[in-house]
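Please open the model in your viewer and keep the sequence panel beside it. The stops below go from the whole chain to a single site.

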Amino acid sequence: MRVIADLHLHSRFSRATSADMNLPSLARWAKLKGINLLGTGDFTHPGWFRELVGFLQPVGEGIYAYEDTFFLFTAEVAAVWSQAGKIRRVHFLILAPSAEEAGRITKELATFGNLSADGRPSLGISGEKLVEIVRSASPTAAVIPAHAWTPWWSIFGSNSGFDSLEEALGKMASEVFAIETGLSSDPPMNWRLSALDRVSLVSFSDAHSPTRLGREACVLDLSELSYSAIVAALKEKDPTRFLFTVEFFPEEGKYHYDGHRACGVVFSPEETRRHGGKCPVCGKPLTIGVMHRVEELADRPPGARPRGAIPYRSLVPLQEIIAQLLGQEPETRGVISQYLKVVQRFGSEFSVLLDIPAGEVEREFPKLGQAVEKVRRGELRIRPGYDGVYGEIKIDLGEEPRELSLF
């Protein structure tokens with residue numbers, strides 16, 4: 001059974017999140033995307049947890065269903081602590097084996113913060129203690145450092161992070177079997193660090209609205225859909241079960257390069273070093289991005305690939321492709337209308353992006369088929385993201401947007 005899993009997302013109970021992040025909308029958009037397993041997100045929030053246990057139906061070991069979409073109990077928490085004279089802020093993704101064990105984890109974490117204030121709560125607890133408490137409450141639960149490289153709120157981030165998992169998590173580092181690479185990095189960037197060879201590299205969307213589901217995901221092949229089978233496939237890095245990750249082009253992530261948004265300055269790591277880490281316009285420190293941090297910690301050259309590395313596929317979301325063809329923004333009514341038409345014809349977004357030959361798409365939607373083929377070949381023009389500004393991916397269409405359509 002092929003499983004496309006997006007296990008990091010949020011509910012409407014998280015700050016800066018769409019009101020449509022509810023079970024009906026999540027199930028609808030998962031089907032449109034072609035995702036058959038979602039994380040619940042935010043299980044530590046009491047209001048959301050009540051909805052989850054009230055509407056999700058248990059269908060297997062640790063697996064729950066809403067309509068035709070399967071769910072696994074997940075949450076993201078923010079740990080804040082002081083270590084080595086520095087305030088540390090790190091986000092962690094928690095996978096729970098069942099609703100009951102999610103409840104036990106929540107009960108233990110409630111001691112460290114107000115879980116009702118936000119779907120992604122801030123906890124006064126170290127990363128090491130967090131892993132210890134979660135694993136004590138639920139021995140088979142998984143704790144995964146989220147979006148591991150972003151400057152803010154990540155385990156390797158330039159502003160409050162660490163240089164190794166061991167430095168961050170102490171004796172509990174060995175209990176962490178995976179890191180989430182985040183939108184601004186991809187597997188080849190992480191392969192440059194031999195210290196990460198022992199962990200799995202996982203990718204999920206961190207969606208705050210339903211249309212963002214699946215922008216990153218893990219693709220598995222499982223004989224049964226169960227919590228233990230999912231965790232084993234991710235942890236053991238068996239390429240017959242963990243097939244590949246779906247990735248953003250990392251340059252599109254909003255922290256890929258260094259820069260200063262207020263002054264419109266974007267630099268490669270080399271340019272940042274030449275300027276002494278300062279903005280040449282205002283003289284303030286630049287926000288150091290993911291590529292820079294990878295280069296600081298890397299002990300391998302670009303292009304290195306460790307033995308047993310799981311493959312990956314870099315994609316541009318279908319809405320973004322259609323938006324470029326129509327010369328509109330991705331969330332406009334016209335783009336959504338055409339998106340739904342394409343998905344209705346071919347079954348799902350991932351069918352179009354991953355499975356169906358581009359020539360078959362081209363017979364129905366000529367311009368779209370050509371664009372999909374160019375994305376698959378990587379024929380793109382990319383302006384890297386920086387300091388909270390998303391990068392821009394342009395497909396080389398050879399025409400002005402006003403002349404374009406899907407046909």
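**From the whole chain to one serine**

With the entire chain selected, begin with its contacts: among those between residues at least 6 apart in sequence, 67% join residues at least 24 apart. Bear in mind throughout that this is a predicted model.

Next, colour by secondary structure, which brings up 14 helices and 18 strands in the chain. The radius of gyration is 21 Å, close to the 22 Å that the globule rule gives for 407 residues, so the chain is as compact as a globular protein of that length. If you orient the view along the principal axes, the C-alpha atoms fill a box of roughly 60 × 55 × 40 Å.

Now switch on the surface, whose accessible area comes to about 16300 Å², with 49% of it belonging to carbon and sulfur atoms; of the 407 residues, 57% count as buried. Selecting the charged side chains picks out 46 positive and 52 negative ones, and the centres of these two sets lie 2 Å apart.

For the last stop, select the loop that runs between helix H4 (127-137) and strand E9 (142-145), and within this loop centre on Ser138. Is Ser138 buried or exposed? Its relative accessibility is 0%, and because buried means under 20%, Ser138 counts as buried. Then display what surrounds it: leaving aside residues up to four places away in sequence, Ser138 touches Pro97, Glu101 and Ile105. With Glu101 the link is also a polar contact, made between the side chains of Ser138 and Glu101 at 2.3 Å.

How values were computed: Residues numbered from 1 in each chain as written. Predicted model: local features only at pLDDT ≥ 70, side-chain atom pairs only at ≥ 80, totals over all residues. Heavy atoms only, no water. Helix = DSSP H or I, 4+ residues; strand = E, 2+ residues; numbered from the N terminus. Rg over C-alpha atoms; globule rule 2.2 N^0.38 Å. Buried < 20%, exposed > 50% of the residue type's maximum accessible area, 1.4 Å probe, protein only. Contact = heavy atoms within 4.5 Å. Areas by Shrake-Rupley, 256 points an atom, 1.4 Å probe, with all protein chains shown as cover. Lys, Arg positive; Asp, Glu negative; His and termini not counted. Charge placed at Lys NZ, Arg CZ, Asp CG, Glu CD. Polar contact = N/O pair within 3.5 Å; in protein donor to acceptor, adjacent residues only side chain to side chain.
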